[in-house]
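Biologist: Please take me closely through one part of this model, the site that a database record picks out. Then place it in the rest of the chain.

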Amino acid sequence: MSTKLQNLTPERRKYSHLLHSFLFSSLYFPLSVFLRSPTFTIWIAFTISSDQTMASEPVNVSEFEALAKKALPKMYFDFYAGGAEDEYTLKDNEEAYQRITIRPRVLVDVSRIDTSTSILGYPISSPIMVAPSALHQLANPEGELATARASAASNTIMVYRGRHIAANLVERAERSGYKAIVLTVDCPRLGRREADIRNRMIVPKLKNVEGFVSNDVDAGGGSNLEAYANSTFDPTLSWKDVAWLKSITSLPILLKGILTHEDALKAVEVGAAGVIVSNHGARQLDYSPATITVVEEVVRAVKGKIPVIVDGGVRRGTDVFKALALGAQAVLVGRPIIYGLAAKGEQGVKQVIQMLKDEFELTMALAGCTSLKDITRSHVRTDRDRFQSML
């Protein structure tokens, strides 16, 4: 026995042996027992530090949100995390996925799983894509550049009051090698985002539209974002503008913000290359439906003529599986990408995408599906299915 240990009282000697035993067996012991003894200070600090490191490393996509909240100023976190008014739709976007159950098939050889697919003729490794979203630089100084490096990021444009602005952006997109344009169709005006109003959210300078539009607007004591949107968004935007946009570009145009079969039919009529089932991350019209609940309605309307992609509420690989089982060709992921960017920059975005891919592949294996074509409507059960079974 060492001299140092011999000098300990019998009570402290007993605790010393206990502490060594617990440390080497990787178990945890109530550390408050040892706080009275200077002998244990280093060991205690080591154990706490190790525990904190483990806790800070996310094991699923949702855990990036807490890391982002710590990393960002409150104004910016609330801008990303918040929804419109009561935030009913914001909560329901995620909860609606949780109400859908998976019906797995067993005794299927799942030694090889293929998650690859193609959208608009372009092959991708999985049906998981990055949603068009704004102001990535609030999350990280490298902004969209970091997101783009971490993934083949989707991009969107807004149709401003001055059509020359949109035309200029389309031309620049074509020159830069973009493969499609996403037209957001659910923003004739900005939804009432009360967190931004309380925080008096300030919009930074938008470098990609410098010389075309200014965000130097009078917020009147409220949100600078709201004032900026009111001065630039076009409430006259209509279906005829899709035809105008098609006339100035050869790129395929996807319409983002479709929630009904009526609008899905209209999108096919005007020649959209695809539709994105989206409620704008629940940031526009509160009490609009959770996106996953209307996917089937939109899929039935388009009858396979154009791809249907769903946006909003995806937090698990199981969510991706459910969306595909209901007829979507792919999903878009928005807030988790931003949270990954805020927490860990480019690497965080990569982690978020990879986590979802890994979970989706595992879900396919456990559900007995080896490729996307194996995922069918019979693999899921919705609230409507349960209701109909009781009739």
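Modeller: A residue is buried under 20% relative accessible area, exposed over 50%, and partly exposed in between (1.4 Å probe, protein chains only). The model is predicted: local features need pLDDT of at least 70, side-chain atom pairs need 80 or more, and totals for chains, interfaces and linings take in all residues. Numbering starts at 1 along each chain as its sequence is written, and side-chain values use heavy atoms, with hydrogens and water left out.

Now the site. The UniProt record, an unreviewed entry, lists Arg193, His280 and Arg283 under "binding site". Its positions follow the numbering used here, feature names are shortened, and annotations may be inferred rather than shown by experiment. The three residues span 91 residues in sequence, but no two of their C-alpha atoms are more than 12.1 Å apart, so they gather at one spot.

Start with Arg193. It sits in the loop between β6 (181-184) and α9 (194-199). Helices (H or I, at least four residues) and strands (E, at least two) are DSSP runs, numbered from the N terminus. Arg193 is buried, because its relative accessibility is 9%. Which residues does Arg193 touch, not counting residues up to four places away in sequence? The list is Phe79, Gly83, Leu225, His280, Arg283 and Gln284. Contact here means heavy atoms within 4.5 Å. So two partners of Arg193, His280 and Arg283, are also on the UniProt list, by the unreviewed entry.

Arg283 comes next. It lies in the loop between β8 (274-277) and α13 (295-302). Arg283 is buried too, at 11% relative accessible area. With neighbours within four places in sequence left aside, Arg283 meets Phe79, Tyr80, Gly82, Gly83, Ala84, Gly191, Arg193 and Arg335. Phe79 and Gly83 appear in this list, and Arg193 touches them as well.

That leads to Glu85. Glu85 is found in the loop between α5 (74-81) and α6 (88-98). Its phi is positive, about 45°, although Glu85 is not a glycine. Most residues other than glycine have a negative phi. Glu85 is partly exposed, with a relative accessible area of 39%. Leu135 also has a positive phi, about 60°, and is not a glycine. Leu135 belongs to the loop between β4 (128-130) and α7 (143-150). Leu135 is buried, at 15%.

Go back to β8, the strand before the loop of Arg283. Val275 is part of β8. Val275 is buried, with a relative accessible area of 0%. Leaving out residues up to four places away in sequence, Val275 touches Leu255, Ile258, Ala267, Val298, Ile306, Pro307, Val308 and Ile309. Ala264 is 11 residues from Val275 along the chain, and their C-alpha atoms are separated by 7.3 Å.

Now for the helix packing around α15 (residues 335-367). Arg335, a partner of Arg283, carries the number at which α15 begins. The axes of α15 and α14 (residues 317-325) come within 7 Å and cross at roughly 60°. Axes are lines fitted to C-alpha atoms, for helices over the stretch in contact, and angles run from 0 to 180 degrees between N-to-C directions. Under 35 degrees counts as roughly parallel, over 145 as roughly antiparallel, 65 to 115 as roughly perpendicular, and the rest as oblique. α14 and α15 are therefore oblique to each other. From α14, Gly317, Thr318, Val320, Phe321 and Leu324 take part. They meet Leu356, Glu359, Phe360, Thr363, Met364 and Ala367 of α15.

α7 packs on α15 as well, at an angle of about 15° and with the axes 8 Å apart. This pair is therefore roughly parallel. Gly143, Ala146, Thr147, Arg149 and Ala150 of α7 make the contact with Ile337, Leu341, Glu346, Val349, Lys350 and Ile353 of α15.

One strand residue is left. Thr117 lies in strand β2 (residues 117-119). Thr117 is partly exposed, at 21% relative accessible area. Beyond residues up to four places away in sequence, Thr117 touches Tyr122, Pro123, Ile124, Ser126, Pro127 and Leu372. Gln329 is 212 residues from Thr117 in sequence, yet the two are 8.5 Å apart in space, C-alpha to C-alpha.

Finally, the whole chain. It holds 16 helices and 11 strands. Of its 391 residues, 46% count as buried. Among contacts between residues at least 6 apart in sequence, 70% join residues at least 24 apart.
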